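Grab a viewer and let's work through a few exercises on a ligand and the pockets around it. Try each task yourself before reading the solution.

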Amino acid sequence: MLSAIPPTVTGPGLINTIHQEMVVNLLLAYPYCYQMARLAVVGVGRIGGEVAYLASSMGIANELVLYDSAPELLKAQVLDLQHTGLATDISTDKRAIRDADVCVFSAGLARNPSVKTRADLLEANAAAVNECAALLKGFNGIVITVTNPMDANNYLLCTRTGIPRERCIGFGGQLDSARFALSLNSRGITGFSFVLGEHGEHQVPIFSTHSREIPITLREEILTELRGASMDVIKGKGGTVFGPALHIVNLTRMVLSNARELVICSSVLEGEYGIAGCSLGVPVRIGKEGIRAIEEWHLDSWEQEKMDQAGTFVTDLCRREVA
Ligand code: NAI
């Protein structure tokens, strides 16, 4: 039950303290290098490049293995990282990926203003999923799937590699939850801000934990805002970078430090929330083994209906690619 998590508001204007605590934990991690932590990044474009830079500069990883199908970009990213003067070992030998502690999969096409939804990228990114699955043969670490449609791709990567579901973490829920916090804050609503469901059109913002009843019309208004949040960034600057990259590095920190913190991530479901055959955003505890536990929260009828729709939608996407 969510009520087990104590609210920790410490000052006016501080809306989502859980997210802020996570960022503080990330910054506190800064002086402590996770010695011998090797981070692989498959696809070093906007997101992958920033993740490599942040993880290296914040001392989260002391070894990087970088891979991209565009050799000129890969070379440029390595040089740019080397020019920081940071003492991070950088390898571009893709065989070293399988020995990484964590592998971030961020290869493939991103949305632009003419690609309406993340799900529209399914076919375009199928080759990148297959290539990443081949690179991860014999991998014993934790995979963090970023490439969209992230939930379906996390499921496909898990089934194609045979990596246990605990070690396949889909990234997106932290970002959606941070955007939800902003939406609530702008309306003067304080409290928890967690978004379950699909990292896409079928997001499930959780309102039932708020002490104040949030009417359905307002819930739908906020949901519409959440669906459009990343497109505003994409239209303005070509793609999202800072938000996803910082949260991905934070997730990496949770794995490497065995943090056991509660966070929303996409996990392959086997009946949790009444859903199976896909990966979906749910509350999880993250540690060095990956997803240590999935929490099953009580949802109200609006939330449960949205969660069921998300499950049906992503399961259909997964079936399309498996077929
Ligand atoms: P980008 O275009 O800047 O970088 C993608 C990189 O992948 C490129 O450098 C490209 O050469 C490389 N690539 C493509 N196919 C490859 C393959 N088969 N093997 C290796 N490398 C390959 O795109 P960006 O903005 O970095 O986004 C990457 C992915 O992450 C997209 O699918 C995007 O939609 C997704 N994304 C997901 C988020 C989330 O919250 N889950 C947030 C932001 C982006």
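**The ligand shell**

Sorted by class, the shell around the ligand holds 13 nonpolar, 11 polar and 3 charged residues. Keep in mind that this is a predicted model.

**Exercise 1.** Find which residues come nearest to the ligand, and find its contacts with polar backbone atoms of L109 and F171.

*Solution.*
- Step 1: start with the 27 residues around the ligand; R46, I47, D68, L109 and E131 come nearest.
- Step 2: go to L109, where a polar backbone atom is 2.6 Å from an oxygen atom of the ligand.
- Step 3: switch to the nitrogen atoms of the ligand. One is 2.9 Å from a polar backbone atom of F171, and a backbone N or O atom of V146 lies 3.0 Å from a nitrogen atom too.
- Step 4: check the burial. The ligand taken alone exposes 860 Å², and the protein buries 85% of that.

**Exercise 2.** Work out which pocket the ligand takes up and which elements line that pocket.

*Solution.*
- Step 1: the ligand's space is the largest pocket, with about 690 Å³ of space in there.
- Step 2: 34 residues line the largest pocket, and I47, S106, G108, L109 and A110 are the closest to its centre.
- Step 3: α2, α4, α6 (173-186) and α7 (216-237) each give two or more residues to this lining; α4 gives the most, with 3 residues.

**Exercise 3.** Describe the second largest pocket.

*Solution.*
- Step 1: its space comes to about 260 Å³.
- Step 2: among its 14 lining residues, L175, R179, L182, V233 and G243 are the closest to the centre.
- Step 3: α6, α7 and α8 (242-256) each supply at least two lining residues.

Key:
Residues are numbered from 1 along each chain as its sequence is written. This is a predicted model: local features need pLDDT of at least 70, side-chain atom pairs count only at pLDDT 80 or more; totals for chains, interfaces and linings use all residues. Side-chain values use heavy atoms; hydrogens and water are left out. A residue is near a molecule or strand if one of its heavy atoms lies within 4 Å of it. A polar contact is a pair of N or O atoms within 3.5 Å; within protein, one must be able to donate a hydrogen and the other to accept it, and residues adjacent in sequence count only if both atoms are side-chain atoms. Accessible areas come from the Shrake-Rupley method with a 1.4 Å probe; for residues, only the protein chains shown count as cover. On a 1 Å grid over the protein atoms alone, a cavity is a set of points where a 1.4 Å probe fits but cannot get out, and a pocket is an open set with protein on both sides within 12 Å along at least five of seven lines; lining residues have an atom within 4 Å of a point. A molecule sits in a cavity or pocket if more than half of its atoms lie within 2 Å of its grid points. Ala, Val, Leu, Ile, Met, Phe, Trp, Tyr, Cys and Pro count as nonpolar, Asp, Glu, Lys and Arg as charged, and the others, Gly among them, as polar. Grid points are joined across faces, edges and corners, and a volume is the space filled by probe spheres set on the points. Helices (H or I, at least four residues) and strands (E, at least two) are DSSP runs, numbered from the N terminus.
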